[in-house]
Amino acid sequence: MTSIYQKATVGATGLTLSLFAFLGNHQQVQATTIFDVAGDQDCFGTSISPCDFIRSNQIIQEPDDGDFDFFRTGSFNWTHNYTLPVGSNITGARLTIVTLDVEDNGAGDGQGGEPFDDRLFLDGLEVLEAFDNTFTPDLDRRTPKPVNSTVFNLDASFFSVLRDGNIDVQVVSDAGVKSDFIAIDFATLELTVSETSSVPEPVSVMSILAFGTFGVGSLLKGRLSGAQEQPNSK
Ligand SMILES: [Ca+2]
Ligand SMILES: [Ca+2]
Ligand SMILES: [Ca+2]
Ligand SMILES: [Ca+2]
């Protein structure tokens, strides 16, 4: 009798594992990264490599650069376009902007964010405190300045304006008491989206339960029959 109970317990454990495996497949979520680049990665038109330090008077703007590779003050605008998989959800968003001579936290102002204040808007929604920690030493146009990559990890409040497959980006460099002469080489948008994978086999939970019950029942029945037949086999 002891051996019969042991077999029944093994059978029940097998049923539990099968059910968990099925549920695991059904709820599988796949993460995908979507990447879009705006502007050309030509080190502000200089083709200098690596693009670590350049002088602002080296910048070359080509006709198709738009507001990129253009050393000036004011509003800089561009758009990121991308396609989101049907039924997917945005779970992360990161915007990286490569700039020269952003002095929001530069040595030139020396007052912790004032008088320069560069600001960032996405579809008109402001990313607060943008560039406030972006540092550039106070140097003239003939001295090479460090190229900055400023990364914005966007929180969930921006996901709704990102959902429609495009985002208008605006950098404003004259929002402070003093206007900031800057240039932007290019920008990248990286979206992480989650997709729920489809279940390949339309097997219901009930059928698995029925199979498991049948399997345990058969096992018990077969074991009992074997126990009864054993004396006769000798
Ligand atoms: Ca260019
Ligand atoms: Ca700012
Ligand atoms: Ca500047
Ligand atoms: Ca460029």
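In what order do the five strands of the open sheet lie, and is their pairing parallel or antiparallel?

## The open sheet

In this predicted model, the five strands of the open sheet follow the order β1-β9-β4-β7-β2, and their pairing is antiparallel. The edges of this sheet are formed by β1 (29–38) and β2, each of which pairs on one side only. As background, strands of a sheet pair through backbone hydrogen bonds, and this can happen in parallel or antiparallel fashion.

Two of the pairings that involve β9 can be described in detail. β4 and β9 run antiparallel and are joined by 11 bridges; within this pairing, threonine 99 has isoleucine 184 of β9 as its bridge partner, and alanine 93 is matched with leucine 191 of β9. β1 and β9 also run antiparallel, joined by 10 bridges, and here alanine 31 has serine 194 of β9 as its bridge partner.

## The chain as a whole

The protein chain contains three helices and nine strands, and from the N terminus on its elements run α-β-β-β-β-β-β-β-α-β-β-α. Of the 234 residues in the chain, 21% are buried. When contacts between residues at least 6 apart in sequence are considered, 80% of them join residues at least 24 apart.

## The nonpolar core

The largest nonpolar core holds 32 residues, and among these Ile184 and Ala187 touch the most other members. At least two residues of this core come from each of β4 (89–100), β5 (119–122), β7 (145–154), β8 (166–172) and β9 (183–196), and the greatest contribution is that of β9, with seven residues. Ile184 thus appears in two settings, as a core residue with the most contacts to other members alongside Ala187 and as the bridge partner of threonine 99.

Which residues does alanine 187 contact, leaving aside its neighbours within four places in sequence? The contacts of alanine 187 are with Ala38, Gly39, Trp78, Leu95, Thr96, Ile97, Val98 and Val169.

## Backbone features in the loops

The loop between β1 and β2 holds two residues that deserve a closer look. Cysteine 43 is placed in this loop, and its phi is near 50°, a positive value in a residue other than glycine. Cysteine 43 counts as buried because 22 other C-beta atoms lie within 10 Å, where the cut-off for a buried residue is 20 or more. Proline 50 is also found in the loop between β1 and β2, and the peptide bond that leads to proline 50 from serine 49 is cis, with omega near 0°.

A further positive phi, of about 65°, belongs to aspartate 101, which is not a glycine. Aspartate 101 lies in the loop between β4 and β5; is aspartate 101 buried or exposed? Aspartate 101 has 26 C-beta neighbours inside 10 Å and therefore counts as buried.

## Exposed loop residues

Aspartate 64 sits in the loop between β2 (53–54) and β3 (75–81). Aspartate 64 is exposed, because 8 other C-beta atoms lie within 10 Å, and a residue is exposed if that number is 12 or fewer. Although aspartate 64 and glycine 39 are 25 residues apart in sequence, their C-alpha atoms are 9.0 Å apart in space; glycine 39 is also one of the residues in contact with alanine 187.

Asparagine 133 belongs to the loop between β6 (125–127) and β7, and with 11 C-beta neighbours inside 10 Å it counts as exposed. Asparagine 133 and asparagine 105 are separated by 28 residues in sequence, while the distance between them in space is 5.2 Å, C-alpha to C-alpha.

## Confidence in the model

The mean pLDDT of the protein chain is 80, and 70% of its residues reach 70 or more. Over residues 1–23, however, the pLDDT is below 50, and this stretch has 21 contacts in the model beyond near neighbours in sequence. The pLDDT also stays under 50 over residues 211–220, for which the model has 13 contacts beyond four places in sequence. Where pLDDT is low, the predicted coordinates should not be read in detail.

Methods:
Residues are numbered from 1 along each chain as its sequence is written. Chains are lettered from A and ligands numbered from 1 in the order in which they are written. This is a predicted model: local features need pLDDT of at least 70, side-chain atom pairs count only at pLDDT 80 or more; totals for chains, interfaces and linings use all residues. A nonpolar core is a set of buried Ala, Val, Leu, Ile, Met, Phe, Trp, Tyr and Cys residues joined through C-beta atoms within 7 Å. Helices (H or I, at least four residues) and strands (E, at least two) are DSSP runs, numbered from the N terminus. Two residues are in contact if their C-beta atoms, placed from the backbone, lie within 7 Å. Two strands pair if DSSP finds at least two bridges between them. pLDDT is the predictor's confidence in each residue, from 0 to 100.
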